[in-house]
Structure formats: structure tokens, C-alpha cells
Amino acid sequence: MKFGVVIFPGSNCEQDCHYAIQSVLGKPVEYIWHQDTSVQGFDAVILPGGFAYGDYLRTGALAKFSPVMRAVDDFAKKGGLVFGICNGFQILTEAGLLPGALLRNVGLKYVCRYEYLRTETTDTPYTNVMTKGRLLRIPIGHGDGNFFADADALKRIEDNGQVVFRYADANGKITQEANPNGSLNNIAGIVNEKRNVLGMMPHPDRSSEEILGSADGKLIFESMVNALVRT
Amino acid sequence: MKATVIVTLKPTVLDPQGMTIHRSLGSLGLTDITDVRQGKIFNLQLKAGNREQVEKLAKEVLTNPVIEEYRIIWE
């Protein structure tokens with residue numbers, strides 16, 4: 001089992017992801033350079049947070065033209081696990097691997113704080129060790145995390161059970177006050193229809209050890225390991 | 001030849017930046033302006049007759065079709 005963490009020019013959370021996989025989970029992990037044209041040998045690919053290509057034009061827009069993204073696209077279409085965190089989520093929507101788009105936060109401010117996420121489905125390779133409704137305390141740090149999809153796309157996402165995490169209050173209620181960025185239906189993370197690609201704005205890589213304030217993010221990485229062991 | 005590509009959010013997409021600009025107009029007394037939508041402009045220089053490349057750039061790079069639309073002004 002080998003994890004890969006892609007580095008784009010402007011990525012800045014690749015070391016957090018690498019550390020979480022290697023030191024917290026104790027699993028093999030290597031970096032993948034954005035100029036690489038293959039992800040052969042990897043069982044899961046993580047697109048980390050940051051500001052790939054300076055977020056110029058639109059967040060994630062230029063990263064999708066990196067050579068590595070063609071390989072990631074193939075890998076995802078063959079069922080490989082592809083996990084985009086924060087900027088990685090933005091890249092996955094721009095690349096068309098996930099539906100929707102991430103707009104500027106409604107408050108226009110960069111928001112950096114802990115959020116409660118309600119686990120909406122356990123039927124994904126990213127949530128198979130949780131129980132449905134499980135609250136996770138995981139931090140966000142973004143200026144463009146406002147999830148948007150048109151009415152038809154949103155209905156499909158909801159009907160297919162593709163919403164994995166929603167911003168909630170400490171009691172697990174989905175309220176407007178608990179929504180940090182204006183995301184439709186408080187959506188914090190979604191999977192694709194085949195459920196092998198996950199994108200989420202909050203950072204499990206920053207919350208996989210108690211010493212960091214929360215170890216809830218570890219459950220997501222453990223689920224991935226669990227899914228890979230099963231296959 | 002020149003081309004100007006204007007990219008704007010679709011009318012159905014919330015524009016928090018435009019709304020914020022609009023809200024600040026009241027203090028200037030510009031109350032007849034009823035809405036503000038923010039967008040982007042790209043000025044391109046090209047060889048004559050190469051319109052297809054501009055269309056491709058506008059469609060596949062400059063615009064995210066989920067949230068944005070574009071129009072091109074040729075001169």
C-alpha cells in the first residue's frame with residue numbers, strides 16, 4: 001500500500017499530508033511532482049492544500065493543466081482513491097473529477113478556525129470506520145470554500161448520497177450559523193458518483209493528532225487504509 | 001487583431017464581491033445603481049483570422065462553465 005502526495009507550485013500542505021500518512025498512520029508515502037506523467041505504483045493520491053499556481057485566474061484552474069493531472073484523471077476513472085483537501089478540492093472540481101465549484105466565501109474573508117462536520121454517509125472509502133452522523137472536529141482555512149452547484153447538479157449530488165460532510169453545530173444540527181462560507185446545504189465535502197474521489201475544504205491533515213487539538217481527521221485516513229486493505 | 005474576453009458569473013450564481021461593492025454605494029449617494037456584478041476582462045492580441053483559438057481559450061481556460069459565462073468582443 002503506497003500513498004502519493006502531489007506537489008504543485010504553490011502547494012503548502014504537502015508536508016502535513018506526508019506526515020499524517022507516514023508518522024501518524026505509519027504507512028508508506030511519497031511525493032509526486034506536478035510534472036510527472038504517471039502515478040503508477042500508488043494506491044491512493046492526495047492533492048494537498050495550498051495555492052497551486054498562485055490561485056491565478058481561479059482557484060485550482062491552472063493546476064488542472066499540470067501533466068500529473070492527466071495521470072490522476074486516468075487513475076480516478078479506473079477507480080483509484082483520489083483525495084483533494086482544500087485547494088485539492090478546488091482543483092478536483094476544476095478538473096471535472098467532482099461536480100460543482102468553490103466560490104469566494106460569502107463573508108469575503110479568509111476563515112481559519114475549527115468546525116464541526118457531520119458525517120452524512122459511511123458508504124465511502126473515506127468514512128468506513130465512522131458511524132453515520134459522527135461529528136468530526138476539523139479546522140478549515142480558506143477564502144474560497146463556498147460550495148456551489150446549479151439546482152440540477154445539487155439535486156443529483158444529494159439524491160445519490162454524494163454529500164460526505166456538512167458543517168454542523170456542536171450538537172450536530174445543520175444551521176446557517178454553522179456555515180462558515182455560504183456553501184449550499186452546508187456542504188463541506190463530496191464524493192463523485194463512483195465514490196472513489198473525495199474533495200473537502202476542511203483539513204484532516206491538520207487534525208490527525210491530539211497534540212494538534214483534534215485527532216478526528218485521522219479517521220478519514222484510517223478509512224482509506226481500511227478500504228485499500230479490503231481490495 | 002485584438003480580442004477582449006469578458007468573463008462574468010452566471011446570473012444564477014451569487015456574487016459576494018459585487019454585492020459588497022453595491023452595498024457601499026449608498027454612502028456615496030449613488031442610489032440609482034440597483035445592482036453590481038463583478039467580472040474579469042482579458043485583452044488578447046492575435047494574428048488575423050485565428051478566432052478559433054480565442055474561442056477555445058475562453059471556453060476551456062478562462063471560464064469555469066459551472067459558474068461563469070463569457071463573451072468576446074473583436075476589434
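User: Why does A:Asn186 count as buried?

Analyst: A residue is buried if 20 or more other C-beta atoms, placed from the backbone, lie within 10 Å of its own, exposed if 12 or fewer do, and partly exposed in between. A:Asn186 has 22 C-beta neighbours inside 10 Å, and therefore counts as buried. This is a predicted model, in which local features need pLDDT of at least 70 and side-chain atom pairs count only at pLDDT 80 or more, while totals for chains, interfaces and linings use all residues. Residues are numbered from 1 along each chain as its sequence is written, and chains are lettered from A and ligands numbered from 1 in the order in which they are written.

User: Why is A:Asn185 described as partly exposed?

Analyst: A:Asn185 has 16 other C-beta atoms within 10 Å, which lies between the two cut-offs, so this residue is partly exposed.

User: What makes the phi of A:Asn185 and that of A:Asn186 notable?

Analyst: The phi of A:Asn185 is positive, near 55°, in a residue other than glycine. A:Asn186 is not a glycine either, and has a positive phi of about 60°. A:Asn185 is placed in the loop between strand E9 (163–168) and strand E10 (187–191) of chain A, and A:Asn186 is also in the loop between E9 and E10. Helices (H or I, at least four residues) and strands (E, at least two) are DSSP runs, numbered from the N terminus.

User: How do you know that E1(A) is mostly covered?

Analyst: Five of the five residues of E1(A) are buried. A:Phe3, A:Val5 and A:Ile7 point one way, whereas A:Gly4 and A:Val6 point the other way. In a regular strand the side chains alternate between the two faces of the sheet. In E3(A), A:Ala44 and A:Ile46 point one way and A:Val45 and A:Leu47 the other way, and all are buried.

User: What makes E1(A) and E2(A) a pair?

Analyst: Two strands pair if DSSP finds at least two bridges between them. E1(A) and E2(A) have five bridges in the parallel sense, so they pair. A:Glu30 in E2(A) is the bridge partner of A:Gly4. A:Gly4 also stands opposite A:Val45 in E3(A), and three bridges join E1(A) to E3(A), again in parallel. E3(A) in turn pairs in the parallel sense with strand E4 (residues 81–85) over four bridges, with A:Val45 opposite A:Val82.

User: Why is the unit of E1(A), H1(A) and E2(A) called right-handed?

Analyst: A crossover is right-handed if, with the strands pointing away from the viewer, the path from the first strand over the helix to the second runs clockwise. E1(A), H1(A) and E2(A) make a right-handed β-α-β unit, and E3(A), helix H2 (residues 67–77) and E4(A) make a right-handed β-α-β unit as well.

User: What covers the buried residues of H1(A)?

Analyst: The cover includes strands E1 (3–7), E2 (29–33) and E3 (44–47) and helix H5 (218–230) of chain A. The buried residues in helix H1 (residues 14–24) are A:Glu14, A:Asp16, A:Cys17, A:His18, A:Ala20 and A:Ile21. H1(A) is followed by A:Gly26, which has a positive phi near 70°.

User: How do you know that the radius of gyration of chain A agrees with that of a compact globule?

Analyst: The radius of gyration is taken over C-alpha atoms, and the globule rule is 2.2 Å times the number of residues to the power 0.38. For 231 residues the rule gives a value near 17 Å; chain A has 16 Å, which agrees. Buried residues make up 55% of chain A.

User: What radius of gyration does chain B have, set against a compact globule of 75 residues?

Analyst: Chain B has 15 Å, but a compact globule of 75 residues would have a value near 11 Å. The C-alpha atoms of chain B fill a box of roughly 45 × 25 × 15 Å along the principal axes, and buried residues make up 11% of this chain. Chain B has two helices and three strands, in the pattern β-α-β-α-β.

User: What is the composition of the side of chain A that touches chain B?

Analyst: Two residues are in contact if their C-beta atoms, placed from the backbone, lie within 7 Å. The contact takes eleven residues from chain A and eight residues from chain B. The residues on the chain A side divide into six nonpolar, one polar and four charged. Here Ala, Val, Leu, Ile, Met, Phe, Trp, Tyr, Cys and Pro count as nonpolar, Asp, Glu, Lys and Arg as charged, and the others, Gly among them, as polar. The model scores ipTM 0.84 and pTM 0.94.
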